[in-house]
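The following exercises concern the structure shown below. Each gives a task and then a solution in steps.

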Amino acid sequence: MALNESVHGPVVNTDAPGEDTESTARAAARDFLERVPPPEAPTVTYRSAGRVVLWGDGSVAIQAAQELGRRGLACTVIIEGGVVPVREGRGPEYGFTVVQGRMVSVQGHLGAFRVALQDGENTVDLAEYLGLSGFDIVVDMGATPYLDWPVLPLGYHACGPDPTRLAQALDQAARLVGDFSKPRFFAYDPQICAHGAAGVNGCTRCLDSCPTRAILSVKDRIQVDPYLCQGEGICSTVCPTGAIRYAYPAFDSLLANLREALARYRQAGGIQPALMFHDLDDHALEQALSGVPEYVVPVALKRMAAAGIELWLLALAHGVRQVLLIGRAGMPRDVFRALNAQVVLAQAFLGSLGYDPARVLSLTFRGEQGLERRVSRIPPLDPTADRELPVVEGKREAMGRALEALYDRAPAHPAVSELPEGAPYGEVRIDPDGCILCMACVHVCPGRALRGEAGTPRLFFVEDDCVQCGLCAGNCPEGAVTLAPRFVWSRQTRKSARLLHEERPFHCIRCGTPFTTASMLQRMTERLEGNWVFAQSASARRLQMCPRCRMLDVSAEGMPGPPGAETGEV
């Protein structure tokens, strides 16, 4: 049965409940969601003794240090003066330290900042120079923040020279003495991470989108600094495998809460709500709700970006008419860009199936006029559809269940949907003239989407297991692998092993055992051309032997010496 929506647009449902019923239903769902206790998650703790490092205009910085000194904080003031030897002076009244030098680097977070200065041709760790273990708080009064990150580390106050902002920064710094805890917002499973293999980098989606610079590439895996992470959540949204997951709340907890909220919405007489994921404060939220239809149910999250595409589409497939994503003012640009890419992907799926792409809509909330001009009423989908959110495990399973449910009731049923660049679904294409079946791609594929066959030079591909990480293309020595984002709707086709390339095996000229392909042998011969070892006929002939016969042949005849060895003219 098709949903109440055609390829040409939505069909109005004349049996929709009135606004009073929608308002009552929203209140029931909202009341439940607002009573859900805070998520449980492991925590990380910061310890600050109130050691502050400040820099900016000299006189202003010294006045700021005097103010913090009155509040009991120990301050070090950096006066920038080009390449000048570091020198120390102590304020006679308040006991702060003054050093002069050129800033080289600032690293760390609340309770653990390190600052390096230029001392002539050397780099000096300022804390070590002063006999300190580090700095706890940074007050950056420079016209341009030294750390130009979308989200600065906790304890780093970039106030510039503005007096009002400086006063606020000093008040905040004065309160950052003691022990402080925050949730460890993420969980990471390196076993299913598609970042790297064999020294080759593949997927970098989380690194590219993290606004706190908390994620680093370490060999073949990522490493997340829990002290820099501030829970923006976009890493879990863009991760194609679910290797990095948001833990505040965890996906299964959020899904269970939504399941219960939707049930209460229906019990109160509502038919199909829209969900508005947001991280707005109370005032901004009430402004937003005043401009949207009564069937819109707000879902508050620590960070709205933590609700990913698999949750949006799963909700649409099971009893939700629309998903709205309302970002707070000042959302980091990296988050906004990555989130919009996910919205474009969701809309590509929906549009290809004949749904209105606006069923997933990203809106930037400015707070001045509400949202009424940007949110239009959208009718319910088929009310006979299964409205119970399923229990699912893992990102790929949730996405698969959502897409299959949407496809079953879709107005259009394409065989294949083209997806935007960067989508985590698609095929691997092999250039048959370039591929030598070395199987380098198979060795690095994190999901076993690329597979070989024992004893035969054949390469197979299972599209359902491909996350388009690019490791295969990056590890191919011949440049014969390319990626093509798309989605094949036939489950059987996606899950079947498809033959990409094969060759007849080349047999050992000594024992007859197949051990390589003619193309690989030809490529080896070309690359060894000019090498004095293989200029000898015996060595060239050994290239056509399997490894065992090659060793036996060398044992019997020996390796040739370099040219001129017989006459001593090497």
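**Exercise 1. The lining of the largest cavity**

Task: State how the residues of the lining of the largest cavity divide by class, and locate this cavity in the chain.

Solution. Step 1: the lining of the largest cavity divides into 12 nonpolar residues, four polar and one charged. Here Ala, Val, Leu, Ile, Met, Phe, Trp, Tyr, Cys and Pro are nonpolar, Asp, Glu, Lys and Arg are charged, and the others, Gly among them, are polar.

Step 2: the model is a predicted one, in which local features need pLDDT of at least 70 and side-chain atom pairs count only at pLDDT 80 or more, while totals for chains, interfaces and linings use all residues. Residues are numbered from 1 along each chain as its sequence is written, and side-chain values use heavy atoms, with hydrogens and water left out.

Step 3: of the 17 residues that line the largest cavity, C210, C229, E232, G233 and C235 lie nearest its centre. A cavity is a set of points, on a 1 Å grid over the protein atoms alone, where a 1.4 Å probe fits but cannot get out; a pocket is an open set with protein on both sides within 12 Å along at least five of seven lines; and lining residues have an atom within 4 Å of a point.

Step 4: α6 (234–238) and β19 (244–246) each supply at least two residues of this lining. Helices (H or I, at least four residues) and strands (E, at least two) are DSSP runs, numbered from the N terminus.

Step 5: the volume of the largest cavity is about 120 Å³, and eight cavities of 30 Å³ or more are counted. A volume is the space filled by probe spheres set on the grid points, which are joined across faces, edges and corners.

**Exercise 2. The two largest pockets**

Task: Determine which helices and strands each supply at least two residues of the lining of the largest pocket, and treat the second largest pocket likewise.

Solution. Step 1: the largest pocket holds about 700 Å³ of space. Among its 25 lining residues, L33, V36, P39, A300 and L301 are the closest to its centre.

Step 2: the elements that each supply at least two lining residues are α1, α7 (251–267), α8 and β21. By class, this lining has 16 nonpolar, three polar and six charged residues.

Step 3: the second largest pocket contains about 400 Å³. It is lined by 24 residues, of which R245, Y246, F251, D252 and E310 are the closest to its centre.

Step 4: α6, β19, α7, α9 (309–317) and α11 (395–408) each give at least two residues to the lining of the second largest pocket. That lining comprises 13 nonpolar, six polar and five charged residues.

Step 5: P249 is found in the loop between β19 and α7, and the peptide bond from Y248 to P249 is cis, with omega near 5 degrees.

**Exercise 3. The two sides of a helix**

Task: Explain why the buried residues of α8 lie on the same side of the helix.

Solution. Step 1: α8 spans residues 282–289, and A284, L285, A288 and L289 are buried in this helix (under 20% relative accessible area; exposed is over 50% and partly exposed in between, with a 1.4 Å probe and protein chains only).

Step 2: these residues are on the same side of α8 because they cover an arc of only 135 degrees around the axis. The arc is that of the directions from the helix axis to the C-beta atoms.

Step 3: an α-helix has 3.6 residues a turn, so residues three or four places apart point the same way.

Step 4: D282 and H283 are exposed on the other side of α8. The cover of the buried residues includes α1 (19–35), β20 (274–278) and β21 (296–300).

**Exercise 4. An aspartate in a loop**

Task: Is D136 buried or exposed, and with which residues is D136 in contact?

Solution. Step 1: D136 occupies the loop between α3 (126–129) and β11 (137–140).

Step 2: with a relative accessible area of 1%, D136 is buried.

Step 3: neighbours within four places in sequence aside, D136 is in contact (heavy atoms within 4.5 Å) with R47, S48, A49, G50, R51, H109, L110, G111, A112 and F113.

Step 4: a polar atom of the D136 side chain lies 3.1 Å from the backbone nitrogen of G50.

Technical notes. Polar contact = N/O pair within 3.5 Å; in protein donor to acceptor, adjacent residues only side chain to side chain.
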